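Hi,

Here is the structure I said I'd pass along. Have a look at it first, and my notes on what turned up follow below.

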Amino acid sequence: MEDNQNSLTFQEPIEWPYPIRYGEETRVNVDVLVLGGGLSGCFAAINAARKGLKVAVVDKSPIVHSGAAGSGVDHWMDCPSNPASKVDPEEFTLEPVRKYKGGYANVIANYITARDSWDALCELEQMGMKIRDTDDVFKGAPFRDEATKLLFAYDYETRTCIRIWGTGMKPSLHKECKRLGVQLYERIMVTSLLTEGGRPGGRVVGATGVHTRTGEFFVFRAKASVLCMATPERLWIFSSEWTGLVGRDGPPANAGNGHAMAWRAGAEFARMESSSHEEWGGSTGIGAVLFGTGSNFATWYPCTIVDAEGKEVPWVDREGNPIHTLEERTKPGPGQKFLTLVLGGGEGKAESMPHLIPDLPERIRKGEFKLPLYADLPGMPEYERRVIFGLMVGQEGHTWPVYRNLTEAGFDPDKDQLQVYEIGAAPPGWRRLRYGGLVVDWDLRSNLEGLYAGGQSIFDGIGVAHASSTGRWAGRSAAAYAQEAPEPIIDEKQVNREKTRIYAPIQRPDGINWKELQAGIAKVMQDYCGDTKTEELMALGLKTLEEIREGESRTLFARTPHELMRALEVLDILTCCEMIIHASRARKASNSWLHFERLDFPQDDPPEWRKWVTLRLEGEEVRVGELALDYHGDIKKNYETHKKE
Amino acid sequence: MTQPKVYAQPNLITPNRPVIIDPEVCTGCNLCVEICPSDVYIPNPQKGKPPIILYPEECWYCGCCLMECPLHDKGANKLNWPLMQRMRWKRKETGEHFRFGMPNPPPPNKRPMV
């Protein structure tokens, strides 16, 4: 048999293919620095560059496909501002917050998204991404608006979520960044924010980075910075023998680097205590291929599910009333103004969309339905079947290969029912951070001068429309600030301290590797900050993390620049876990809206705790504060006051 | 029987072949190496040969390397879902069962995406 190097059987070591430049420095000087080049980062950069400013984007991955939506996305939610919508953006923002989030939502970001996401989508269309059924494939379908040729998802009557050809999204943004002369720094991991005088809490004047192939050091100096990185994944669960480093919705790059560096710089956070089981059963690598198995949610909404004998599983509306037709799944029920899928809604509370009967597991146990279940594509009308498995599967993240692989293997949606793996018999769920992030004001500025935030860097930030709209807004705010701001001055001592910190792992010949450290930290989170929490348990968890920080993590070693990136990621994950436990100790009340249960404070959402608990680092001290849930004030007025053209 | 040369090797990572590359089709252009968001590939030290998947356990199965590959349609590469993620389906009319990766699979469905 011939040697196949894919199988990782090397008879001789292979020399590292890239030049090694540990400690060598490149200095970059711009007006606006964008940290993270996903959707929000690209939108921020493009909008700042249009003001004629010098802009750089830094990303660990190549920007053409980086970020959670790097491989695509199939629907654009939260878009009541589109021309076919029948919903007012204000009502669209406030009604679900009251009903499905108990008031625990980032109304500033939600309202900016509701108002601006149509404009952001039109910008994408101008950049070359397809957003309309221009080939008239779905002419006459109930989800198509004939005037605009837009295709809607979920609610076909009130029309606020648009089906799009999103595999073109990142390539379009990448092209536009290049056209506008945005400097793209790829394969560079940002490791820290630089502050005036090197003092945490001071004005942010730039950032440091390390190249993930060469190990070269970068110092970015900027008048304004926009943090557009993701919330951390793999905090409660890790095994390198599961796929994708156990991030299903977020790529392996999502290691909370932005959160950790902002924390060290003194930024204020909210919602860090909120975590929950993955709503779709398994966010783990042992779960199914994302949208590659039969289902009835998101990409697959509103697909009919049948049991092993072909018996249809009934649906209920969002209030739990039985519904009987396909049409009823795609329009508001009696007394409902509109339907929208609310992400991150209250676990165990009402669902925001029609769904399968909630007592399905019990009814399966009683023998009413026989496992396994199947997605009955052949039983759907042609337009639904084709839009689900033809447009949506194919455009959503990860699903371009799903369409290719399954059809190549003979799967035919006209004839075949795809097995369901995650309903009724879900794999074990593991906790996931539920959108903790930076506290921002109406300019999407953090508490630090010069630091703005977009996308998942903002607390309660979720979804592509949100990422794009907030990135766009933050980029404009940062540009406005940069036009007036004084020259930033870098503190060289701070730069040198960071250099010493980040290169420590390559100077150790052995010790603990990043995977073991990562697995150990995840176990601490499972054991001490899991489903149920108590003060004693969490104090011990924090102590364990501190011991690991002072002990094992000081033996962390890396043999290549790539391993150095992973090692530095795990140190940031450690920081994020500490933040989570601090936040969880600070909220001395259970809160089912935040999926937060404390055994020692069992009362759910008592009135005196109806507020955000905020957290920031001041010197070595963790400062706990609070913020009113309605700190957004008058949304229409504030939107108009802070909007920048 | 001639005995093969055997080397001492650590256990392989599992799964370890996220993408199968056909060395007959792949020209070693390394575009996939430059595209991969997780940087799982390195170029082959031998010019013109397929890249090496150095970090298979970091693959997110996003498929960006296939989307950008100029020779994907000619069969240069294929996303190889690991065994624990291979789904089943059932033909509604006949009740016949199929599985991704099964021996003697049914003929491909040639209908393109919308």
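Starting with the interface: there are 9 salt bridges between chain A and chain B. Bear in mind that this is a predicted model. One salt bridge you can pull up directly joins the side chains of A:Arg187 and B:Asp39, with an N to O distance of 3.7 Å. On top of that, 32 residue pairs are in polar contact across the interface of the two chains, counting pairs with both residues at pLDDT 80 or more.

Which parts of chain A touch chain B? The elements giving two or more residues to that side are α8 (382–395), α9 (399–408), β18 (416–420), α12 (514–528) and α14 (561–586). The largest share comes from α9(A), with 9 residues. By class, this side of chain A has 33 nonpolar, 33 polar and 16 charged residues.

As for the overall extent, 82 residues of chain A contact 65 residues of chain B. Together the chains bury about 6400 Å², and 55% of that is on carbon and sulfur atoms.

I also looked at a helix pair inside chain A. Helix α2 (residues 89–101) packs against helix α3 (residues 107–127) at an angle of about 145°, their axes 8 Å apart. The crossing of α2(A) past α3(A) is right-handed. From α2(A), the contact uses A:Pro89, A:Glu90, A:Phe92, A:Thr93, A:Leu94 and A:Val97, while α3(A) brings A:Val107, A:Asn110, A:Tyr111, A:Ala114 and A:Arg115. Sorted by class, the residues of this contact are 7 nonpolar, 2 polar and 2 charged.

Cheers

Note on methods. Residues are numbered from 1 along each chain as its sequence is written. Chains are lettered from A and ligands numbered from 1 in the order in which they are written. This is a predicted model: local features need pLDDT of at least 70, side-chain atom pairs count only at pLDDT 80 or more; totals for chains, interfaces and linings use all residues. Side-chain values use heavy atoms; hydrogens and water are left out. Axes are lines fitted to C-alpha atoms, for helices over the stretch in contact, and angles run from 0 to 180 degrees between N-to-C directions. Helices (H or I, at least four residues) and strands (E, at least two) are DSSP runs, numbered from the N terminus. A crossing is left-handed if the near helix is turned anticlockwise from the far one by less than a right angle, and right-handed if clockwise. Contact means heavy atoms within 4.5 Å. Ala, Val, Leu, Ile, Met, Phe, Trp, Tyr, Cys and Pro count as nonpolar, Asp, Glu, Lys and Arg as charged, and the others, Gly among them, as polar. Buried area is the accessible area (1.4 Å probe) that two parts lose on being put together, summed over both. A salt bridge is a side-chain nitrogen of Lys or Arg within 4 Å of a carboxyl oxygen of Asp or Glu. A polar contact is a pair of N or O atoms within 3.5 Å; within protein, one must be able to donate a hydrogen and the other to accept it, and residues adjacent in sequence count only if both atoms are side-chain atoms.
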